[in-house]
Amino acid sequence: MENKETIPFHQKSYVCIHVFENVRPVLLVSREHGDWCFLCGDDHPEDASIYRAVGIGHVLSRHPDLAEVMDLLPDEEAERSKVCV
Ligand SMILES: [Zn+2]
């Protein structure tokens with residue numbers, strides 16, 4: 001039985017501007033309302049302008065280590081304190 005969700009490359013996901021510009025690592029992955037969000041884990045202002053919508057495949061190809069959290073279910077989140085490169 002294949003019970004893993006197959007995620008289309010161009011499925012929309014959200015990143016914070018820090019992840020988008022690659023100035024901070026992805027430390028928080030959340031699926032609020034089922035949408036994938038890849039965030040740096042810092043506090044962000046309540047402002048949609050700091051988020052960018054990107055195809056999830058682009059995020060995963062830039063951060064292949066995120067594959068380990070791709071079994072996250074809607075409304076779950078995963079946090080890590082640092083990235084081991
Ligand atoms: Zn951020």
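S30 is a buried residue, with a relative accessible area of 7%. In this predicted model, S30 belongs to strand 2, which covers residues 28-30. Setting aside neighbours within four places in sequence, the contacts of S30 are D35, W36, C37, L72, E76 and E77. One of these partners, W36, returns below as half of an aromatic pair.

It helps to place this strand within the whole chain. The protein chain contains two helices and five strands, and their order along the sequence is β-α-β-β-β-α-β. The radius of gyration is 12 Å, close to the 12 Å that the globule rule gives for 85 residues, so the protein chain is as compact as a globular protein of that length. The C-alpha trace spans about 40 × 30 × 20 Å along its principal axes. Of the 85 residues in the protein chain, 38% are buried. Contacts also reach across the sequence: among those between residues at least 6 apart, 65% join residues at least 24 apart.

The zinc ion offers a good view of how separate parts of the chain come together. Which atoms of the protein serve as donors of the zinc ion? They are SG of C16, ND1 of H18, SG of C40 and NE2 of H44, and they lie 2.0 to 2.3 Å from the ion. The angles among the four donor atoms run from 103 to 114°, and the site is tetrahedral. Along the chain, the donors of the zinc ion follow the spacing C-x1-H-x21-C-x3-H. H18 sits in helix 1 (residues 17-20), while C40 sits in the loop between strand 3 (36-39) and strand 4 (51-55), so this pair ties together parts that are 22 residues apart in sequence. Both H18 and C40 are buried.

Aromatic rings provide the next feature. A pair of aromatic rings is described by the distance of the centres and the angle of the planes. How many aromatic pairs does a search of the whole structure find? The search of the whole structure returns one. The ring centres of W36 and F38 are 6.2 Å apart and the planes meet at 10°, so the pair is stacked. Planes under 30 degrees apart count as stacked, and the 10° between W36 and F38 therefore meets that criterion. Both members are buried: W36 has 0% relative accessibility, and F38 likewise has a relative accessible area of 0%. A further ring, that of F20, has a charged group for company: the charged end of R52 sits over the F20 ring, 5.8 Å from its centre.

Strand 1 and strand 4 can be followed through K12 and A53. K12 lies in strand 1 (residues 12-16), and A53 lies in strand 4. Although 41 residues separate K12 and A53 in sequence, their C-alpha atoms are 6.2 Å apart in space. Once residues up to four places away in sequence are left out, K12 touches A53 and V54, and A53 touches K12, S13 and Y14. Are these two residues buried or partly exposed? K12 is partly exposed, with a relative accessible area of 49%, and A53 is also partly exposed, at 46% relative accessibility. Sequence separation and spatial distance part ways again for A53 and E68, which are 15 residues apart in sequence and 21 Å apart in space, C-alpha to C-alpha.

Two loop residues deserve a look for their backbone angles. N22, in the loop between helix 1 and strand 2, has a phi near 65°, a positive value in a residue other than glycine. The relative accessible area of N22 is 47%, and the residue counts as partly exposed. H33 is located in the loop between strand 2 and strand 3, and phi of H33 is near 55°, again a positive value in a residue other than glycine. With a relative accessible area of 68%, H33 is exposed, whereas S30, in strand 2, is buried at 7%.

How values were computed. Residues are numbered from 1 along each chain as its sequence is written. This is a predicted model: local features need pLDDT of at least 70, side-chain atom pairs count only at pLDDT 80 or more; totals for chains, interfaces and linings use all residues. Side-chain values use heavy atoms; hydrogens and water are left out. Rings of Phe, Tyr and Trp (its six-membered ring) pair if their centres lie within 6.5 Å; planes under 30 degrees apart count as stacked, over 60 as edge-to-face and the rest as tilted. Buried means under 20% relative accessible area, exposed over 50%, partly exposed in between (1.4 Å probe, protein chains only). A charge sits over a ring if NZ of Lys or CZ of Arg is within 6 Å of the ring centre and within 35 degrees of the ring normal. Donors are N, O and S atoms within 2.8 Å of the metal (3.2 Å for Na, K and Ca); water is not among the atoms, so sites may look incomplete. Four donors count as tetrahedral if all angles lie between 85 and 135 degrees; four count as square planar and six as octahedral if opposite donors are over 155 degrees apart and all others between 65 and 115; anything else is irregular. Helices (H or I, at least four residues) and strands (E, at least two) are DSSP runs, numbered from the N terminus. The radius of gyration is taken over C-alpha atoms; the globule rule is 2.2 Å times the number of residues to the power 0.38. Contact means heavy atoms within 4.5 Å.
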